Amino acid sequence: MKVQKATSPNIIAFCCAQSAYQAADAAGFMRLSYPDNIRVIRVPCAGRIDVLHILKAFEKGVDGVLVLGCHEEACRHLLGNIRAKNRVQKAKSLLQEVGIDGRRVEMFTLAPNQGPRFATIASEMTERIKELDSMKPQG
Amino acid sequence: MIIAQRKPLEDIEAMLTGYKKLLVLGCGTCVTICWAGGEKEVAILASQLRLASKKDGNEPLTLEATVERQCEKELVEALKGSVQQVDAVLSTACGAGVQTVAELFPDTPVYPALNTMFVGMPDREGVWLENCRTCGDCFLDRTGGICPIVRCAKGLLNGPCGGTNNGKCEVDPEKDCAWTLIYRRLDQQGRLDLMRKYYPPRNFQAVIRPGKIEALPA
């Protein structure tokens, strides 16, 4: 997969099918406006996301990665969201080592009915990435 | 097992300056268990190297491979084809693995991505402890299976010393006093008489370095 370069930053959002994906759906259903540069990838659980998925995304040229999972203690797979949180922390330090700002990857938790929160996260992350003027891998 | 730790990426990059084609070569045994050089760590390191190079405008070719045991020539030999395609090999194995690859492929430079630290065991997730100094003169029969040579900060053969403090070590209050552990273990086993014995200084030349062992197959 080659990520297409857009004028606004490319952000991949790995969304848990149990919560964040439904929240993204809810945001659409509620006709909320959020930046169109967010590419949603549905995953069975945030715990499916590995450090390598995040690194590969940057290799392919994305500018930011969101990992969106269920609130703590609400994971269908018990610890998927906790594992995702730890992996995001690890990914931040690995990216930092290669000179990519760790703030380009972030984990948030939300419930399936939090469409407005999804829209807010998408907007805030887009603003954050725009502000970070450091290294951008050339896709 | 052998516990190793990855070198800082900065150091690895400095070693590899100028190479365009690399083989990142992992080991599927000890360093996989200690999260330093298995298949996943190879993938992460290769990805980091690609990201770092992209930043500098280079796009190196990084091949990735992991063998079951990098310290065995028979297993490493199978990689001949991959090694011939690259300018250098970056090994994420212990020092023995690095040297096996270097010996098998003398025309190709081999670089270590890890620092080999000690012989130890996992304590809990993400934590490994040194518990064998590979001294060549095992003392564990007298100490209830707890090694004072490596686990006592002073390496005492006749302990505990005056610095034991409620089961903790005076050198590092975070650590358990090895001799308190030994006392408790021997007490549990009804072998406290061993605590009363005096052990003379050990033979520190039990293993002449570099070590070599020859054995007949069973």
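What span should the 18 residues of helix α3 (residues 80-97) of chain A have at 1.5 Å a residue, and how far apart are its end C-alpha atoms? The expected span is 26 Å, and the end C-alpha atoms are 26 Å apart, which agrees. Here the expected span of a helix is 1.5 Å times one less than its number of residues.

The structure is a predicted model, in which local features need pLDDT of at least 70, side-chain atom pairs count only at pLDDT 80 or more, and totals for chains, interfaces and linings use all residues. Residues are numbered from 1 along each chain as its sequence is written, while chains are lettered from A and ligands numbered from 1 in the order in which they are written.

## Helix α3 of chain A and the contact with chain B

Helices (H or I, at least four residues) and strands (E, at least two) are DSSP runs, numbered from the N terminus. The buried residues of α3(A) are A:Gly80, A:Asn81, A:Ala84, A:Arg87, A:Val88, A:Ala91, A:Lys92, A:Leu94 and A:Leu95. A residue is buried if 20 or more other C-beta atoms lie within 10 Å of its own, exposed if 12 or fewer, and partly exposed in between, with C-beta atoms placed from the backbone. Within chain A, the buried residues of α3(A) pack against α2 (51-59), β3 (64-69) and β4 (105-109); they also pack against α3 (39-55) of chain B. Contact requires that the C-beta atoms of two residues, placed from the backbone, lie within 7 Å. After α3(A) comes A:Gly99, with a positive phi near 90°.

The contact between the chains takes 14 residues from chain A and 10 residues from chain B. On the side of chain A that touches chain B, the elements giving two or more residues are α2 and α3 of chain A. The largest share of that side, six residues, comes from α2(A). Its residues divide into nine nonpolar, two polar and three charged. In this division Ala, Val, Leu, Ile, Met, Phe, Trp, Tyr, Cys and Pro count as nonpolar, Asp, Glu, Lys and Arg as charged, and the others, Gly among them, as polar.

## Overall form of chain B

Chain B has nine helices and seven strands. Its radius of gyration is 22 Å, well over the 17 Å that the globule rule gives for 218 residues, so chain B is more spread out than a compact globule. The radius is taken over C-alpha atoms, and the globule rule is 2.2 Å times the number of residues to the power 0.38. The C-alpha trace of chain B spans about 65 × 45 × 25 Å along its principal axes.

An automatic or database domain assignment gives domain 1 (2-118) and domain 2 (133-196) of chain B. The C-alpha centres of these two domains lie 38 Å apart. Buried residues make up 33% of the 218 residues in chain B. Among contacts between residues at least 6 apart in sequence, 55% join residues at least 24 apart.

## Local features of chain B

B:Ala36 lies in the loop between α2 (30-33) and α3 of chain B. With 27 C-beta neighbours inside 10 Å, B:Ala36 counts as buried. Leaving aside neighbours within four places in sequence, B:Ala36 is in contact with B:Ala4, B:Gln5, B:Arg6, B:Val31, B:Glu41, B:Thr92 and B:Leu114. B:Ala36 and B:Arg151 are 115 residues apart in sequence and 23 Å apart in space, C-alpha to C-alpha.

In helix α8 (residues 178-188) of chain B, the buried residues are B:Ala178, B:Trp179, B:Ile182 and B:Tyr183. They cover an arc of only 140° around the axis, which puts them on the same side of α8(B); the arc is that of the directions from the helix axis to the C-beta atoms. On the other side of α8(B), B:Asp187 and B:Gln188 are exposed. The buried residues of α8(B) pack against α7 (148-151) and α9 (193-196) of chain B. Just after α8(B), B:Gly190 takes a positive phi of about 65°.

Two cis peptide bonds in chain B are listed below.

| Peptide bond | Omega | Place of the proline |
|---|---|---|
| B:Gly159 to B:Pro160, cis | near -5° | B:Pro160, loop between α7 and α8 of chain B |
| B:Arg209 to B:Pro210, cis | near -5° | B:Pro210, segment after α9 of chain B |

B:Asn166, also found in the loop between α7 and α8 of chain B, has a positive phi of about 50° although it is not a glycine. B:Asn166 is exposed, with 7 other C-beta atoms within 10 Å.
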